[in-house]
Amino acid sequence: MHTSTTGGLTMIKEMLASLPPSERKIANYILKHPDTAVLCTTGELGERTNTSGAAVIRLCKSLGLKGFQDLKIRIAGDLQKPKQEGYRDIHPHESQSEVLSKMTSNSVQAITETEEMLNPDALARAVEAILSARRIHFFGVGASSIIALDAQQKFLRINKEAVSFSDIHMAAMHVANLTEDDVVMGISFSGQTEEVVKLIDLANEKRATTISLTKYGTTSVSERASIRLFTSASKEAVFRSAATSSRLAQLHVIDILYMCVASEEYEDSIKWLDQTRQAIHFLGSKSNKKQGGKDGHMDS
């Protein structure tokens with residue numbers, strides 16, 4: 001499976017504030033001197049930062065990486081990338097062409113960084129869990145509930161029993177009847193949404209497989225999940241609450257999961273997609289007749 005060769009510096013920036021003091025010293029050094037850091041051994045980097053080689057290894061673990069070599073490969077890849085402007089916020093009375101340019105740039109960056117944040121091993125485990133699940137439960141609050149609904153719609157198309165919830169009481173009732181063969185996916189950009197935290201806790205008590213989808217970093221939701229999937233942090237400044245780039249990053253991960261599952265069961269997926277498409281067209285044709293020939297088109 002593909003292993004990302006970029007994203008090391010982004011990971012460090014996102015985790016910096018939550019790192020222990022010794023690891024933070026190393027992280028700050030790497031951010032200031034990435035060219036030098038990629039040429040160091042763990043011992044040499046420990047000496048340069050007045051820490052230790054063991055602290056370097058702990059930093060890599062905190063970042064969710066296999067080791068220092070993995071981090072160095074990612075940093076080296078970052079150094080080869082064209083310089084990015086970073087997420088750009090809009091300003092009062094800005095021209096529509098400038099808004100178009102900024103929003104496109106932010107969206108592309110969020111999706112690119114999300115590719116870097118996704119751990120291939122975690123993705124493989126999530127795909128395997130969904131393939132063997134009795135039922136998949138998607139849960140999110142606010143903007144994340146839209147992602148949960150999109151996931152339900154996609155997986156239903158390929159005959160996976162999927163449900164989505166934005167209401168904590170409805171979700172709790174379903175969780176009460178979970179088995180070890182169920183999968184619960186908690187979706188929260190911040191990773192701190194209280195309702196999602198509680199739902200993951202309930203699902204864990206039922207020994208269901210739990211998957212988190214949050215921004216990169218250690219959060220209350222991701223810490224509780226047995227499988228952790230991450231998106232770009234998508235810094236959206238003043239309009240962060242509008243969930244623009246972050247929403248696209250979450251949808252991107254759902255699309256990746258869906259395509260991976262469909263690929264593993266390719267022939268069956270094609271069959272189910274054809275059948276669901278025919279059912280939707282059938283409903284559309286019925287609606288069209290009832291309206292006396294008016295446009296009864298339905299999205300397929």
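## The main core

Let's start in the middle of this predicted model. Its largest nonpolar core has 31 residues, and those with the most contacts inside it are Ile136, Phe138, Phe155, Met185, Leu229 and Leu257. Several elements each supply at least two residues of this core: helices H8 (120-131), H9 (143-157) and H13 (245-264), together with strands S1 (136-140), S3 (183-187), S4 (209-215) and S5 (227-231). H8 gives the most, with seven residues.

To see what such a core looks like up close, try Leu229. Leaving aside residues up to four places away in sequence, Leu229 touches Leu118, Ala122, Leu123, Ala126, Met185, Ile211, Ser212, Leu213, Thr214, Val253 and Leu257. Apart from the main core lies another, of 26 residues, among them Leu9, Cys40, Leu59 and Tyr216.

## A closer look at H8

Which residues of H8 are buried? They are Pro120, Ala122, Leu123, Ala126, Val127, Ala129, Ile130 and Leu131. These buried residues pack against S1, H9, S3, S4, S5 and H13.

You can also check the length of this helix yourself. At 1.5 Å a residue, the twelve residues of H8 should span 16 Å, and the end C-alpha atoms of H8 are 16 Å apart, so the two values agree.

## Helix H6 and its neighbours

Now try the same check on H6 (residues 68-80). Its 13 residues should span 18 Å at 1.5 Å a residue, and its end C-alpha atoms are 19 Å apart, which agrees.

The buried residues of H6 are Phe68, Asp70, Leu71, Lys72, Arg74, Ile75, Gly77 and Asp78. What do they pack against? Their partners are helices H1 (8-15), H2, H3 (34-37), H4 (42-48), H5 and H7 (96-117).

## Where H2 meets H5

Two packed helices are described by the angle between their axes and the distance between the axes. For H2 (residues 21-32) and H5 (residues 53-62), the axes come within 9 Å and cross at roughly 85°. Because angles of 65 to 115 degrees count as roughly perpendicular, H2 is roughly perpendicular to H5.

On the H2 side, the contact is made by Ser22, Glu23, Ile26, Ala27 and Ile30; on the H5 side, by Ala55, Val56, Arg58, Leu59 and Ser62. By class, that gives six nonpolar, two polar and two charged residues.

## The whole protein

Stepping back, the protein has 14 helices and five strands. Of its 300 residues, 44% count as buried. Among contacts with a separation of 6 or more, 69% are between residues 24 or more positions apart.

Key
Residues numbered from 1 in each chain as written. Predicted model: local features only at pLDDT ≥ 70, side-chain atom pairs only at ≥ 80, totals over all residues. Heavy atoms only, no water. Axes fitted to C-alpha atoms, helices over the stretch in contact; angles between N-to-C directions. Helix = DSSP H or I, 4+ residues; strand = E, 2+ residues; numbered from the N terminus. Parallel < 35°, antiparallel > 145°, perpendicular 65-115°, else oblique. Contact = heavy atoms within 4.5 Å. Nonpolar A, V, L, I, M, F, W, Y, C, P; charged D, E, K, R; others polar. Core = buried A, V, L, I, M, F, W, Y, C linked by side-chain atoms within 4.5 Å. Buried < 20%, exposed > 50% of the residue type's maximum accessible area, 1.4 Å probe, protein only. Expected span 1.5 Å × (residues − 1).
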